[in-house]
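This report describes one protein chain and its ligand for a reader who has not seen them before. The sequence and the structure come next, followed by the description.

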Amino acid sequence: MQHFSIDTIQSWDRFYRGNFINCLSGFKSASLIGTVNTAGVTNLAIFSNIIHLGADPALIAFQNRPTAAAPHTIANIEATGVYTLNHIHPSFVDKAHQTSAKYAAEESEFAAVQLTEEWRHNIHAPFVAESNIKYALSLVEIVPIQHNNTFLVIGKLTDAFVDESCIESDGYLSLEKIQSVTSLGIDGYYNVSKVARYNYAKPGGMAEEIWDKNI
Ligand SMILES: Cc1cc2nc3c(=O)[nH]c(=O)nc-3n(C[C@H](O)[C@H](O)[C@H](O)COP(=O)(O)O)c2cc1C
């Protein structure tokens, strides 16, 4: 196994270094974030730095890059307080990736990449119709991360729409059944397959595998 010190890593070409560091933290939950601005123009952008902050209250955060680099999603969320997260299926991964391009504020990525806007009663942000799992969040807090001028955007869950075929009897979502993709780095996308599920782990023995049980 090769050792790389941060001094060595810093000496690399920025694109090579960027790929290496972006892959280091592992596979990520890529989703499309849907928003709308105050003029009614919708926006859709792919994000993969998405974090589960807690189940009760149900809080989910994402990291937004400096606003000069990624301005529209965060501005729309600040203006409206509402946004949607939409899982990505392999059938539209190319379109999902294309939403990362720097489109003008007046141009909706929904139209540009040909994904379909879906509006639900009393939810004032667009979902992606093609997505098998989607949920709406209401803005709680935007925490500036001073060290690199990024932002942790924290939202609370208000509504979830989930394809029934992946909902197990204990509430677990078998995302591999609906083929939600995972991402690696800033340009790689993967299918996943389940390795195992286990009972709650306690000291004094190994947790039992529940892989084959129809719980
Ligand atoms: C796979 C992938 C993951 C990305 N993840 C993030 C992310 O977590 N945070 C972020 O700020 N930008 C991320 N981006 C870049 C945004 O998609 C891009 O900056 C987009 O143009 C932002 O659009 P907006 O200005 O409409 O918000 C990612 C791009 C790709 C291709």
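Buried residues account for 24% of the 215 residues in the protein chain. The model is a predicted one.

**Overall form**

The protein chain contains five helices and eleven strands. Its radius of gyration is 19 Å, close to the 17 Å that the globule rule gives for 215 residues, so the protein chain is as compact as a globular protein of that length. Taken along the principal axes, the box filled by its C-alpha atoms is roughly 60 × 50 × 35 Å. Of the contacts between residues at least 6 apart in sequence, 58% join residues at least 24 apart.

**The nonpolar core**

The largest nonpolar core has 28 residues, and those touching the most other members are Leu32, Ile33, Leu44, Ile46, Leu137 and Val153. Several elements give two or more residues to this core, among them strand 1 (31–36), strand 5 (82–87), strand 8 (133–145) and strand 9 (150–162). Strand 2 provides the largest share, four residues. Ile46 can be followed further: leaving aside residues up to four places away in sequence, Ile46 touches Ala30, Leu32, Ala96, His97, Thr99 and Ser100.

**Around the ligand**

There are 22 residues around the ligand, and Ala45, Asn49, Arg65, His72 and Thr73 come nearest. Which elements supply at least two residues of this shell? They are strand 2 (42–47), strand 4 (58–64) and helix 3 (72–80). Strand 2 gives the most to the shell, with four residues. Strand 2 therefore has the largest part both in the core and in the shell around the ligand.

The table divides the shell residues by kind.

| Kind of residue in the shell | Number |
|---|---|
| Nonpolar | nine residues |
| Polar | ten residues |
| Charged | three residues |

**Strand 3 and strand 4**

Is strand 3 buried or in the open? Of the six residues of strand 3 (residues 50–55), the number buried is zero, so strand 3 lies largely in the open. Strand 3 pairs with strand 4 in the antiparallel sense, over five bridges. One of these pairings joins Ile50 to Phe62, its bridge partner in strand 4. The two strands form a hairpin, with two residues between them. Strand 4, the partner of strand 3 in this hairpin, is also one of the elements that supply at least two residues of the shell around the ligand.

Definitions and conventions:
Residues are numbered from 1 along each chain as its sequence is written. This is a predicted model: local features need pLDDT of at least 70, side-chain atom pairs count only at pLDDT 80 or more; totals for chains, interfaces and linings use all residues. A residue is near a molecule or strand if its C-beta atom, placed from the backbone, lies within 6 Å of it. Ala, Val, Leu, Ile, Met, Phe, Trp, Tyr, Cys and Pro count as nonpolar, Asp, Glu, Lys and Arg as charged, and the others, Gly among them, as polar. A nonpolar core is a set of buried Ala, Val, Leu, Ile, Met, Phe, Trp, Tyr and Cys residues joined through C-beta atoms within 7 Å. A residue is buried if 20 or more other C-beta atoms lie within 10 Å of its own, exposed if 12 or fewer, and partly exposed in between; C-beta atoms are placed from the backbone. Two residues are in contact if their C-beta atoms, placed from the backbone, lie within 7 Å. The radius of gyration is taken over C-alpha atoms; the globule rule is 2.2 Å times the number of residues to the power 0.38. Two strands pair if DSSP finds at least two bridges between them.
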